[in-house]
Amino acid sequence: MKKRNFAVIGHPIGHTMSPFIHKRLFELAHENGDYTVLDISPDELPVKIHTLNELAGYNITIPNKQAIIPYLDRLDRKAALYGSVNTVKNGEVQEGFTTDPDGFLKALEYANIAFSGNICIIGCGGAARTFLYEAALAGCHVTLAARDMNKANSLVQEAVGKIPLADIKTSLISELDGEFDLLANATPVGMYPNIDNMPVSEKALSRCKNVFDAVYNPLETVLIRKAKANGSNAVGGMSMLVWQAVVAHEIWDGSVYNIHDIDQLIEDSSTKLKKIF
Ligand code: NAP
């Protein structure tokens, strides 16, 4: 089988888990794929796009997720909804996808966390947008909690503009009150090296049945550790990182994976990350 080339592009792009995860996914699917890292800034895209078009496919990370769009022939439904692309499949046409939303949903599904009822999302950046849109599309009652109400209100306005039936209210994180079926942290609070920090108070956390933390370094944040100690079902961000990569392979090759292999990859990615940091 002829080797096909794939890559991740970003700028700056230092330590990334992508080659480790994607190479394993090619192996598991018995696909002959190579996967490299390319440092490309948005300014360089006009000259580098020819190189990218010669690849079988590629992933895109910050700051190119919007900048790549004018160079593609079409976007799939979710990439168009989000106005963001993290995966490109090159064939007769160049098509852009975003796999973060499905990666997030699969991470919840395999952690046995139902995505329904009252959901609290913390933050209003890129990950929060993913969680917010998906919660609104799933018909959840959403509370978006942030430290800056202007940013929260503008994200809600954007979401309601795209998903008119969205049921979303806002709160300052410090004033968070209520019982939640799921609390999803979409801030970097608790991330290495500030690993003792938690995005919400212990009191607020104690009223959450399930907890998802987008942070994957460390693997078990204080938020996840305390949620588990409370008896809540809690899962960290490494599962989403791996699942969004799995979705890319479904797009590129239609690959189907055994859940035990993916569980092992999540664990091995965690071990690999510990060696980097
Ligand atoms: P982002 O676009 O920069 O947004 C970060 C958000 O966190 C902003 O709303 C920011 O608020 C808020 N924030 C930062 N520090 C805070 C603090 N001390 N208290 C309260 N809010 C705070 O980042 P992102 O791309 O959404 O990523 C957020 C986290 O998710 C990162 O740790 C990232 O690594 C992780 N992530 C994981 C995955 C995965 O696959 N597991 C995928 C995407 C992202 P202001 O706007 O007020 O500054």
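This passage describes the overall fold, the largest pocket and the cysteines of a predicted model.

The chain contains ten helices and twelve strands. Its radius of gyration is 19 Å, close to the 19 Å that the globule rule gives for 277 residues, so the chain is as compact as a globular protein of that length. Taken along the principal axes, the box filled by the C-alpha atoms is roughly 55 × 40 × 30 Å, and of the 277 residues of the chain 49% count as buried.

The largest pocket encloses about 1,500 Å³ of space and is lined by 46 residues, among which T61, I62, K65, Y216 and L241 lie nearest its centre. Two or more lining residues are given by each of the helices α1 (18-28), α4 (100-110), α5 (126-137), α9 (238-253) and α10 (259-276), and likewise by the strand β3 (57-60). With respect to the domain assignment, at least three residues of the lining are drawn from each of domain 1 (4-98 + 240-276) and domain 2 (102-235). When the lining of this pocket is divided by class, 24 residues are nonpolar and 19 are polar, while three are charged.

Turning to the cysteines, a search of the whole structure finds zero disulfides. A disulfide is a covalent bond between the sulfur atoms of two cysteines, and the cut-off applied here to such a pair of sulfur atoms is 2.5 Å. For C120, the closest cysteine sulfur is that of C208, and because the two sulfur atoms are 6.6 Å apart, they are too far from each other for a bond. C140 is likewise in no disulfide, the nearest cysteine sulfur being that of C120, at 12 Å. As to solvent exposure, C120 has a relative accessible area of 0% and is therefore buried, and C140, at 1% relative accessibility, also counts as buried.

C208 can further be placed with respect to G231, a residue that lies in the loop between the helix α8 (222-229) and the strand β12 (233-235). G231 and C208 are 23 residues apart in sequence, and their C-alpha atoms are 9.8 Å apart in space. With a relative accessible area of 63%, above the 50% over which a residue is classed as exposed, G231 is an exposed position of this loop.

Technical notes:
Residues numbered from 1 in each chain as written. Predicted model: local features only at pLDDT ≥ 70, side-chain atom pairs only at ≥ 80, totals over all residues. Heavy atoms only, no water. Buried < 20%, exposed > 50% of the residue type's maximum accessible area, 1.4 Å probe, protein only. 1 Å grid on protein atoms, 1.4 Å probe; cavity = no way out; pocket = protein on both sides within 12 Å on 5 of 7 lines; lining within 4 Å. Points joined across faces, edges and corners; volume = space filled by probe spheres on them. Helix = DSSP H or I, 4+ residues; strand = E, 2+ residues; numbered from the N terminus. Nonpolar A, V, L, I, M, F, W, Y, C, P; charged D, E, K, R; others polar. Domains from an automatic or database assignment. Rg over C-alpha atoms; globule rule 2.2 N^0.38 Å.
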